[in-house]
Amino acid sequence: MVFFCSLSISAQEAKQQSDPNAPSVIEGLSLYPNPVSGGRVNISTKNDADKEIIIFDLLGKKVLQTHLSSRELNVSNLIPGVYIIKINELNATATRKLIVR
């Protein structure tokens, strides 16, 4: 008789350990309306600090980069489609899908 036993403790431990160099997540992030239909999207967070906004198309090309000190972002220059929006606030980063109609 032969018994095979595998133990995945190392994989479990790796998931529990966090990378100290990884940016933290933005707390209380709200991105609305999504899909965007009026050319403006509201971005609010728990801290409501200044944010760097970078928007990419689905091919990874940067189509918009700006700094935002209010909650409202003008995306009326973007053609309708699906985008990836990256938001940097303080030492935290978030990435979301953004749909523009």
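The following conversation takes up some of the terms used for this predicted model and sets each against its definition.

Reader: How do you know how far to trust this model, given its pLDDT?

Author: The model is predicted, so local features need a pLDDT of at least 70 and side-chain atom pairs count only at pLDDT 80 or more, while totals for chains, interfaces and linings use all residues. Residues are numbered from 1 along each chain as its sequence is written, and side-chain values use heavy atoms, with hydrogens and water left out. The pLDDT is the predictor's confidence in each residue, on a scale from 0 to 100, and here the mean over the protein chain is 87, with 77% of the residues reaching 70 or more. Over residues 6-16, however, the pLDDT is below 50, and this stretch has zero contacts beyond near neighbours in sequence, where contact means heavy atoms within 4.5 Å.

Reader: What makes up the pattern of helices and strands along the protein chain?

Author: Helices (H or I, at least four residues) and strands (E, at least two) are DSSP runs, numbered from the N terminus. By that rule the protein chain has one helix and seven strands, and read along the sequence they give the pattern α-β-β-β-β-β-β-β.

Reader: Why are strand 1 and strand 5 said to stand at the edges of their sheet?

Author: Two strands pair if DSSP finds at least two bridges between them, and three strands form an open sheet in the order 1-2-5, with antiparallel pairing. Strand 1 (30-32) and strand 5 (72-74) each have a single partner strand, so one side of each is left without a neighbour in the sheet. Neighbouring strands of this sheet are turned by 25 degrees against each other on average, direction ignored, the axes being lines fitted to C-alpha atoms (for helices over the stretch in contact) and angles running from 0 to 180 degrees between N-to-C directions. Strand 1 and strand 2 (residues 40-44) pair over three bridges, which satisfies the requirement of at least two, and Tyr32 stands opposite Asn42 in strand 2.

Reader: How do you know that strand 6 and strand 7 are paired?

Author: Nine bridges join strand 6 (residues 81-89) to strand 7 (residues 92-100), and the two run antiparallel. Tyr83 stands opposite Leu98 in strand 7, and in the hairpin of these strands, which has two residues between them, Leu90 takes a positive phi near 55 degrees.

Reader: Why is the pair of Glu27 and Lys46 called a salt bridge, and what does the pair tie together?

Author: A salt bridge is a side-chain nitrogen of Lys or Arg within 4 Å of a carboxyl oxygen of Asp or Glu; in Glu27 and Lys46 the closest N and O atoms are 3.2 Å apart, so the pair qualifies. Glu27 lies in the loop between helix 1 (9-16) and strand 1 and Lys46 in the loop between strand 2 and strand 3 (51-57), so the pair ties together parts that are 19 residues apart in sequence. The whole structure has four salt bridges, among them that of Asp48 and Arg71, at 2.5 Å from N to O, and that of Lys51 and Glu89, at 3.3 Å. The pair of Lys51 in strand 3 and Glu89 in strand 6 links parts of the chain 38 residues apart.

Reader: Why is Asp48 called partly exposed, and why does Ser44 count as buried?

Author: Buried means under 20% relative accessible area, exposed over 50%, and partly exposed in between (1.4 Å probe, protein chains only). Asp48 has 32%, so partly exposed is the right term, and Arg71, at 42%, is also partly exposed. Ser44, at 10%, counts as buried because that value is under 20%; Ser44 touches Gly28, Leu29, Ser30, Tyr32 and Arg71, not counting residues up to four places away in sequence. Of the 101 residues of the protein chain, 28% count as buried.

Reader: What makes a group of residues a nonpolar core, and which residues have the most contacts inside the largest one?

Author: A nonpolar core is a set of buried Ala, Val, Leu, Ile, Met, Phe, Trp, Tyr and Cys residues joined through side-chain atoms within 4.5 Å. The largest has 19 residues, and those with the most contacts inside it are Ile43, Ile53, Ile55, Leu73, Ile85 and Leu98. Strand 2, strand 3, strand 6 and strand 7 each supply at least two residues of this core, and strand 7 gives the most, with four.
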